[in-house]
Structure formats: C-alpha cells, structure tokens
Amino acid sequence: MCLAVPGKVLGIEDRDGTRMATVDFGGVVKEVCLEYLPDLQVGEYAIVHVGFALQRLDEDSARKTLELFETLGLLQEEFGDPWEPAEPDANGRTEQPADAGDGAAAQEAKR
Amino acid sequence: MKYIEEFQDPALARKLLDDIRATVTRPWALMEVCGGQTHTIIRHGIDQLLPDEVELIHGPGCPVCVTPLEVIDKALEIASRPEVIFCSFGDMLRVPGTGRDLFQVRGQGGDVRVVYSPLDALRVAQENPDREVVFFGIGFETTAPPNAMTVYQARRLGIPNFSLLVSHVRVPPAIEAIMRSPSCRVQGFLAAGHVCSVMGTSEYPELAERFRVPIVVTGFEPLDILEGVRRTVQQLERGEHTVENAYPRAVQPEGNPAAQAMLADVFEVTDRAWRGIGVIPASGWRLSSRYREYDAEHRFSVTGIDTREPAECRSGEVLQGLLKPHECEAFGTTCTPRTPLGATMVSSEGACAAYYLYRRLDLEQKTVSREGASVV
Ligand code: SF4
C-alpha cells in the first residue's frame, strides 16, 4: 500500500473544480489527482500514490522503475483485482513454503 | 541463483557491494524504516549479499502493521452497520481484529469495498446519498495528504455522508522512540524515500544530531537500498552523523509544500498507539477540530469494544527490530499468511510476510547466496 508508482500524464482535465489527470503506469491507465503538483503537464512523469501525484520524476528514472516493477510483478500487486491479492489463497502462493536458499529469483522462476 | 541479475544493472550492484566491502571495518547495525524497503531486501536477499559486518534491522514502517488493534476493532464495528459502506485499501481486509477481520464482516453481510484511492470512496458517497460512506484512513506521511485532500473535497463539495476513520502515523517520532529504547542497537537509518517526497528532509537533521546517528533518505529498488547502505556505512566509518539524500530523483529537500499545507489544515498532531509498540508521543495525526464532523469515530461513537491481542504474537518486538520474524514460535506454524496472528504476517510490507514468502527459515543460506553473487 505504501508503494508509490511512477506514471506518465496522458491528459489533464478539471473535474468539479479539481485538477485531475489520466496517467499511464506501464499499460495500466488510472485517474490521478494533480492538486499536489498543480503545474504538472501532459507528457511529464510523476510518482503517484493512492491516486495522487506527489513528486515529479524524470522520464529516464521513471521508465527504469516501471520496468523493474513490471519484472517483479509489483504493478499487478498494486493495480490488480483488489480482492484477489487479499483473498487468502487466490494464487496459491501464500501457502507455498519459502524455499531454502532459493529466495526471490527461484520463486519467480517457478511461477 | 540470480539475485544480482534482478537488480537490472548487475555491474552497478556489484560495484556498490564492492564499495561497501572495501569501506566496512567493523560491525554496524542499520535500520530500514520502511516496510517497502524490508520487502525489497528480503525478496532479493540483499541482507545476505552484504558483508557480515553490516546488519539490517527491520523497522516499524508498515502502516498496516502498526495500526492498533483497537482501531481495527472500531473499523469492524462500523463496517458491520447496515447503513454503512465501508471503503478501505485492500491490504487492511485480512488484518485480524479481536476475533475477526473485514473479510469476515463482508461475508456476514457488511458492505465492505476495496478502493484504489480515497477519492474513489468519495465518489461512492456521491453515488449513494442515502448511505454513510466511511473510509479507513491509515498510513504514513505519504498516504495522509491524499486522505486529507479527500476530507477537504468532501467539505468543499458539500458531501455530508462521507467520513474518515483516521489512524495516521508519523515517522520522526518513531525514530526518536527507537533511539530512546534501552535495547536499541540501531546505529544508522535508511529513511523512507516516499515519506520524504512529501515531507522533505527538514525533520531529520535535529534527530541525527541529537542521537548522533546518520540518516540517509533511501529509495525502494535494490540499487537504491545498496546505495543507502553504502552512504550510511561511509558515514559511520568516518564517525559522521548527517542527513543525506540518496534518492534525489524523487525527494526534494523541501518535499511537497502543497501537501504539507493541506496536512496542516486538515489534521493536527496527536499521540498515537502503535500496534505491538504502545503509545508514542506526537506520533500521529487526527482530524483537526475544524473537520471534526468528518471523523467517523465521532459520527458513530464506537465505544466499549473489548480488544484482545493474541498472546503468542510477538510482532511488537519484530516491529522494533528486537526479534527476527522466524524467531517467533508461531512463525510458519500457527501463523501463516493464510491464518495470520498479527498484522506483520498480513501486509505485503510486513516483515513476517516477507520472510514467509521469500526466505528460508535459517541463516545458513548466507554462504549459499554469497556464492551465487560471486558467480555473476
Ligand atoms: S510470525 Fe505471526 S505470530 Fe509471530 S510475530 Fe509475526 S505475525 Fe506475530
């Protein structure tokens, strides 16, 4: 929940007097409030947390972070069906015993 | 064994690790404050790649984990009311209260909904004028400004059927409480990057000076963590204790002034209980008196709740870095992510869950992953 994800501003509009944007997070598009970064422009990148743009980010580091999150499955975790990751055994993963010595990489490879 | 490939830039990761090895001459204990950082560290085995002298202690920085049981019980009580639509971030649903969780309330007919943003909850309130919509407002300085904005908008748009169940926490008083504890072993802090994106770095120099402890603002990716560790260790070896920003791409020294202004308008600082730790003075926010009508505790006057912690859960010690998750008797036996006893096993940022998902239960692996690292 504390994860903040970089995204790119696709469009900006005023809704009910609030500055809102559509933001692309590596394929997932979400509504984001720009009230805390009022001068953010279309095409720019920002760090977004629970639907709010909190800080500007340059394009290069935003892209790198998004790629990394994609590889690690973190985007799915953040934007996937909210009931799914919270269900006790939605993907069976939670009951998999942690493998001795394998760590993340192997866990990843197994999926 | 490919920890380092996952770092995206193996050459840089190796260089940082070499640098840390070359710098360190004696044992140091560093605390990563944020649960997101704990997750990265365990997932990639960063603690195993580091030289033996550098120990990472997991901090209390998981908002789901530190929300006190009493607040969870209040949430369960409010969510059970027939007139209420209870909205929450997904990771709060399985946090055990006394005897049940929000999932079970939903199974028993409660209208519990998961939202991505607090503004989504406000929209639910607009669409359901005949119901009471309550949003579960937990989290650190990163999450508090969005929630503050939502309350501000509720007032501005005149949405009367929206309220917030607030349990926000602040990092600097937690750092102070950790440093004051007689059993404290922490010699340096990796401060939480996204908290500083909002708050900037001005709250930290005084703490670094008073406790003579280096505080390095650190990001969340594996390379960020290594860079944070490198800078902290450098300071410790040189006998320095300053505040450094190792996450400049997302943190400006002044933070986000608009967000800080909204926090100051909507919230006021208050003492808060942290689950498993106890009350830390000035460590949280509550709605200021100007916004009291949007306070769900006030609106629903939840009282007389019988709150009971499971005795065998030692998450308080885990959250203070006094105990590693696998040292808890219940770890992996009576306590698993499917049947969690404590919030630290529920949340994706909780230390117990991170160990359960990614980590063997013993420490012999250190050697194994070292070999893995050197192969790269
Ligand atoms: S393993 Fe479970 S019971 Fe033990 S401290 Fe962690 S959450 Fe509590």
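Which helices of chain B each supply at least two residues of the lining of the largest cavity? I would like to start there this morning, keeping in mind that what we have in front of us is a predicted model.

The helices in question are H15, which covers 315-319, and H16, which covers 343-346, and both belong to chain B. The cavity they help to line holds about 80 Å³ of space, and its lining is made up of 14 residues, among which B:Cys313, B:Arg314, B:Cys328, B:Cys335 and B:Cys352 are the closest to its centre. If we sort that lining by residue class, we find ten nonpolar residues, three polar ones and one that is charged. For context, searching the whole structure turns up four cavities of 30 Å³ or more.

Let me turn now to a helix pair, also in chain B. Helix H7, residues 118-127, packs against helix H8, residues 144-156, with the two axes 9 Å apart and an angle of about 25° between them. Since angles under 35 degrees count as roughly parallel, H7(B) and H8(B) are therefore described as roughly parallel to each other, and the crossing that H7(B) makes with H8(B) is right-handed.

As for the residues that meet, H7(B) contributes B:Pro118, B:Leu119 and B:Leu122, while on the side of H8(B) we find B:Pro146, B:Asn147, B:Thr150, B:Gln153 and B:Ala154. Taken by class, this contact between H7(B) and H8(B) comprises five nonpolar and three polar residues, with no charged residues.

Definitions and conventions
Residues are numbered from 1 along each chain as its sequence is written. Chains are lettered from A and ligands numbered from 1 in the order in which they are written. This is a predicted model: local features need pLDDT of at least 70, side-chain atom pairs count only at pLDDT 80 or more; totals for chains, interfaces and linings use all residues. Side-chain values use heavy atoms; hydrogens and water are left out. On a 1 Å grid over the protein atoms alone, a cavity is a set of points where a 1.4 Å probe fits but cannot get out, and a pocket is an open set with protein on both sides within 12 Å along at least five of seven lines; lining residues have an atom within 4 Å of a point. Grid points are joined across faces, edges and corners, and a volume is the space filled by probe spheres set on the points. Helices (H or I, at least four residues) and strands (E, at least two) are DSSP runs, numbered from the N terminus. Ala, Val, Leu, Ile, Met, Phe, Trp, Tyr, Cys and Pro count as nonpolar, Asp, Glu, Lys and Arg as charged, and the others, Gly among them, as polar. Axes are lines fitted to C-alpha atoms, for helices over the stretch in contact, and angles run from 0 to 180 degrees between N-to-C directions. Angles under 35 degrees count as roughly parallel, over 145 as roughly antiparallel, 65 to 115 as roughly perpendicular and the rest as oblique. A crossing is left-handed if the near helix is turned anticlockwise from the far one by less than a right angle, and right-handed if clockwise. Contact means heavy atoms within 4.5 Å.
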